[in-house]
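Notebook open, viewer loaded. I'm jotting things down in the order I looked them up.

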Amino acid sequence: MSHVILLGDSIFDNGAYVRRGEPDVAAQVQAKLPQGWKATLCAVDGAVTTGVQQQLDRVPTDASHLIVSAGGNDALRNSGVLRERAVSVAEVMTKLADVRDEFAHNYRTMLDAVLERRLPTALCTIYDARFPDPQEQRLVVTALAIFNDVIMREAFSRRLHLIDLRLICDEPDDYANPIEPSARGGDKIASVIAQVVAGNTIFPRSQIYAQ
């Protein structure tokens, strides 16, 4: 039996945000997996990248696939930089570069621990979120590109599957609030996860070439 493990944050552990009676992402993944497969939620709402290593201690011994969605809370913790005063563009870029460097270190360390399990692994980008204020939304999307660049580089350099949540949760109804997936968004996420782990190729796929 194949056993899919969901690691990370509230992208997967979203039960507190969906409407009463609606399924969370873990339940939706389970429903979409081939018969006889199993999905287990190890992700924790509010977890940052460094917290994934603690989640690995709870991964069942029969795990066959790991799916990681982490980084959104790292970005949220650093969101205050968007409101800091600066005297030049260079100062702004330096602050953002410092944030990127710290995140890159933490993400690589986390991913090293994940890959020690020697299991098929897929990573998720951080989606764009949905803030009601257009200017705030614009700033958030721009800032998240810094974090997503780290995730994409790690996925491509390590030859891992990448689930781009920015392209999956692309409608307002995909969000229960500005930063959490709704049942509709979760259904879309679960569908792609099921396709990735089962090796189904019905979706058109991009190829990434790297040395």
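**Entry 1: leucine 115**

I started at leucine 115, which sits in helix α4. Note to self before going on: this is a predicted model. Buried or exposed, or something between, for leucine 115? I get a relative accessible area of 26%, so leucine 115 goes down as partly exposed, since buried would need a value under 20%.

Next I listed what leucine 115 touches once residues up to four places away in sequence are dropped: Thr121, Arg158 and Leu160. I also took a long-range distance from here: tyrosine 209 is 94 residues away along the chain, and the two C-alpha atoms are separated by 21 Å.

**Entry 2: arginine 83**

I then looked up arginine 83, which I found in the loop between α3 (72-77) and α4 (89-115). Its relative accessible area is 60%, so I have arginine 83 as exposed; the cut-off for that label is over 50%. How far is arginine 83 from leucine 66, C-alpha to C-alpha? I read 36 Å, for a pair 17 residues apart along the chain.

**Entry 3: valine 4**

Over to strand β1 (residues 3-8), where valine 4 is found. Valine 4 has a relative accessible area of 0%, so it is buried. Which residues is valine 4 in contact with, leaving aside neighbours within four places in sequence? My list has Leu33, Trp37, Lys38, Ala39 and Thr40, then Ser64, His65 and Ile67, and finally Val197.

I checked one of those partners by C-alpha distance too. Threonine 40 is 36 residues from valine 4 in sequence, yet 6.3 Å from it in space.

**Entry 4: two positive phi values**

I wanted the backbone at two loop positions. Alanine 129 is in the loop between β4 (121-124) and α5 (134-157). Its phi is near 65°, a positive value in a residue other than glycine. Alanine 129 is buried, with a relative accessible area of 4%.

The second one is arginine 159, in the loop between α5 and β5 (161-163). Phi here is about 60°, again positive in a residue that is not a glycine. What about cover at arginine 159: buried or exposed? The relative accessible area is 54%, so I put arginine 159 down as exposed.

**Entry 5: aspartate 187**

Aspartate 187 lies in helix α7 (residues 183-198). I have it as partly exposed, at a relative accessible area of 32%. Which residues does aspartate 187 touch, not counting those up to four places away in sequence? I noted Gln28 and Lys32. Alanine 43 is 144 residues from aspartate 187 along the chain, and I read 17 Å between their C-alpha atoms.

**Entry 6: the whole chain**

Time to zoom out. I count seven helices and seven strands. Reading from the N terminus, I wrote the order as β-α-β-α-β-α-α-β-α-β-α-β-β-α. Why call the chain as compact as a globular protein of its length? Because its radius of gyration is 17 Å, close to the 17 Å that the globule rule gives for 211 residues. Along the principal axes, I have the C-alpha trace spanning about 60 × 40 × 35 Å.

Of the 211 residues, 44% are buried. I looked at contact range as well: among contacts with a separation of 6 or more, 75% are between residues 24 or more positions apart.

For the surface, I noted about 11,300 Å² accessible, with 51% of that belonging to carbon and sulfur atoms. For charges, I have 22 positive and 27 negative, and their mean positions are 3 Å apart.

**Entry 7: the record**

Last, I pulled the UniProt annotation. The entry is unreviewed and lists residues 6-185 as "domain: SGNH hydrolase-type esterase". I'm keeping in mind that such annotations may be inferred rather than shown by experiment. I then looked at that span in the model: residues 6-185 are 42% helix and 13% strand. The end C-alpha atoms of the span lie 16 Å apart.

Methods: Residues are numbered from 1 along each chain as its sequence is written. This is a predicted model: local features need pLDDT of at least 70, side-chain atom pairs count only at pLDDT 80 or more; totals for chains, interfaces and linings use all residues. Side-chain values use heavy atoms; hydrogens and water are left out. Helices (H or I, at least four residues) and strands (E, at least two) are DSSP runs, numbered from the N terminus. The radius of gyration is taken over C-alpha atoms; the globule rule is 2.2 Å times the number of residues to the power 0.38. Buried means under 20% relative accessible area, exposed over 50%, partly exposed in between (1.4 Å probe, protein chains only). Contact means heavy atoms within 4.5 Å. Accessible areas come from the Shrake-Rupley method with a 1.4 Å probe; for residues, only the protein chains shown count as cover. Lys and Arg count as positive and Asp and Glu as negative; His and the chain ends are not counted. The place of a charge is taken as NZ of Lys, CZ of Arg, CG of Asp or CD of Glu.
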